[in-house]
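User: Please take a close look at one aspect of the structure shown below, namely its internal packing. I should like a single connected account, covering both enclosed space and contact between helices.

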Amino acid sequence: MQALATVTSLLLSTSLLLIGQGMQLTLLPLRASANGLSDFIIGVSASCYFLGFIVGCIGVPATIARVGHIRSFAVLTAVMTSAILGMEMLDGWQFLLVLRFLTGVAIAGLYTVIESWLNCQATPESRGRILSVYTFILLISMALGQALINVGPVESSTPFTLAAVFLVLAIVPVGLTSRLAPAPVESTRVGFGLLYRRSRSAFAGALLSGLVVGSFWSLGAVFARGNSDSQSDISWFISAAILGGALLQYPIGLLSDRIDRRKVMLLLCLGGALTSAAVAASTGHSWHLAAVFMFGAMVMPLYAIALATAADVSQGSEFVQIGTSVLLLNSVGAVSAPLFLGQLMTLFGAPVLFWSFAVLCLLFTAYIAVQLRGKRAISVAEQVPFSAAAS
């Protein structure tokens with residue numbers, strides 16, 4: 001509690017920010033669909049968002065180093081708010097691509113500010129617990145954002161204005177904090193080759209998380225709208241997946257502390273394949289939301305397990321570089337998959353999204369099964385304690 005007290009203002013700002021973020025992630029594809037844009041264009045816009053995320057991860061640390069955490073938080077929040085309001089006013093697909101890119105840059109920078117601040121305030125003994133609380137707040141706030149999109153029709157300005165209000169309010173707790181901001185973050189190198197050499201399973205898990213979870217954030221609402229025109233049904237669909245990831249991430253993480261994490265990743269990939277197929281097959285049935293909940297429970301912990309697997313085999317000061325590589329590889333998957341899956345949805349209909357997830361998960365299940373035949377560099381007893389993380 002004493003450790004959490006030092007970051008109360010930051011966590012409150014994070015909660016407000018992610019309520020707005022959760023709203024815009026669902027609102028934007030729904031508005032684009034309502035405006036008659038194809039699933040392919042919506043997929044391209046999602047790729048622009050994650051491309052912006054990559055650019056933000058690489059470029060924003062230099063801005064933080066120059067002006068500090070609090071000013072960076074305020075500026076990035078202002079950029080994100082302006083982009084969301086711009087997307088409400090401008091209907092053209094060209095504006096959508098540019099503004100979604102800007103939201104990606106802004107949210108990546110905001111995550112960098114928040115997570116570096118949390119890491120600076122945490123002690124080695126409290127870091128895992130603080131990051132677990134942060135991840136829980138992140139997922140619950142985004143789930144709350146799903147409920148709030150129902151304040152008005154997606155064609156109206158009301159839900160966009162409310163999302164902007166939450167984003168602006170997020171500046172207040174951080175802006176009024178009396179605690180000193182941490183030292184500027186340092187830019188880090190990206191080493192996909194190093195990550196692959198250290199752990200092929202972590203490499204595969206990070207990529208699969210981006211391909212599946214990134215595409216879910218981008219196109220999940222479009223899939224749901226293909227089965228129901230009710231905004232309430234769509235918000236429940238997204239919320240069910242988020243809650244599945246939030247409630248089962250930590251138990252799955254604890255399991256990964258007790259057995260070889262590669263086996264946990266194998267189970268998650270297999271579970272992701274089965275639950276993806278169940279979501280695709282259950283539309284119109286009473287157990288549809290239960291299938292969505294289990295889908296979230298299987299695929300959303302993949303990023304955290306991949307990160308923990310990479311941490312287990314990092315040597316010396318490699319972890320920062322490897323951790324950055326896990327994040328950016330996840331983003332690369334999230335950039336590439338919506339381009340292809342959005343086109344498939346345009347050609348063959350909404351259900352192809354989750355059937356594609358099932359195929360991807362099965363392919364990665366087979367790959368990780370092959371990796372399990374090799375000897376692991378460390379024993380289970382040498383694994384670092386699990387810390388929850390959201391992709």
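Analyst: Helices are here DSSP runs of H or I with at least four residues, and they are numbered from the N terminus. The model under discussion is predicted.

With that convention, enclosed space may be taken up. The structure contains 3 cavities of 30 Å³ or more, and the largest cavity holds about 80 Å³ of space. Helix α2, spanning residues 8-34, supplies the largest share of the lining of this cavity, with 3 residues. The full lining consists of Leu-28, Arg-31, Ala-32, Asn-35, Leu-37, Met-87, Leu-90, Asp-91, Gly-92 and Leu-96. By character, the lining residues comprise 6 nonpolar, 2 polar and 2 charged.

Contact between helices can be followed in the pair α12 and α13. Helix α12 covers residues 261-281 and helix α13 residues 288-299; their axes lie 8 Å apart and the packing angle is about 155°. Angles over 145 degrees count as roughly antiparallel, and α12 and α13 are therefore roughly antiparallel to each other. The crossing of α12 past α13 is left-handed. On the α12 side, the contact is made by Leu-267, Leu-268, Gly-271, Gly-272, Thr-275, Ser-276, Ala-278 and Val-279. These residues meet His-288, Ala-291, Val-292, Met-294, Phe-295, Ala-297, Met-298 and Val-299 of α13. The contact of α12 with α13 comprises 11 nonpolar and 5 polar residues, with no charged residue, whereas the lining of the largest cavity includes 2 charged residues.

How values were computed:
Residues are numbered from 1 along each chain as its sequence is written. This is a predicted model: local features need pLDDT of at least 70, side-chain atom pairs count only at pLDDT 80 or more; totals for chains, interfaces and linings use all residues. Side-chain values use heavy atoms; hydrogens and water are left out. Axes are lines fitted to C-alpha atoms, for helices over the stretch in contact, and angles run from 0 to 180 degrees between N-to-C directions. Helices (H or I, at least four residues) and strands (E, at least two) are DSSP runs, numbered from the N terminus. Angles under 35 degrees count as roughly parallel, over 145 as roughly antiparallel, 65 to 115 as roughly perpendicular and the rest as oblique. A crossing is left-handed if the near helix is turned anticlockwise from the far one by less than a right angle, and right-handed if clockwise. Contact means heavy atoms within 4.5 Å. Ala, Val, Leu, Ile, Met, Phe, Trp, Tyr, Cys and Pro count as nonpolar, Asp, Glu, Lys and Arg as charged, and the others, Gly among them, as polar. On a 1 Å grid over the protein atoms alone, a cavity is a set of points where a 1.4 Å probe fits but cannot get out, and a pocket is an open set with protein on both sides within 12 Å along at least five of seven lines; lining residues have an atom within 4 Å of a point. Grid points are joined across faces, edges and corners, and a volume is the space filled by probe spheres set on the points.
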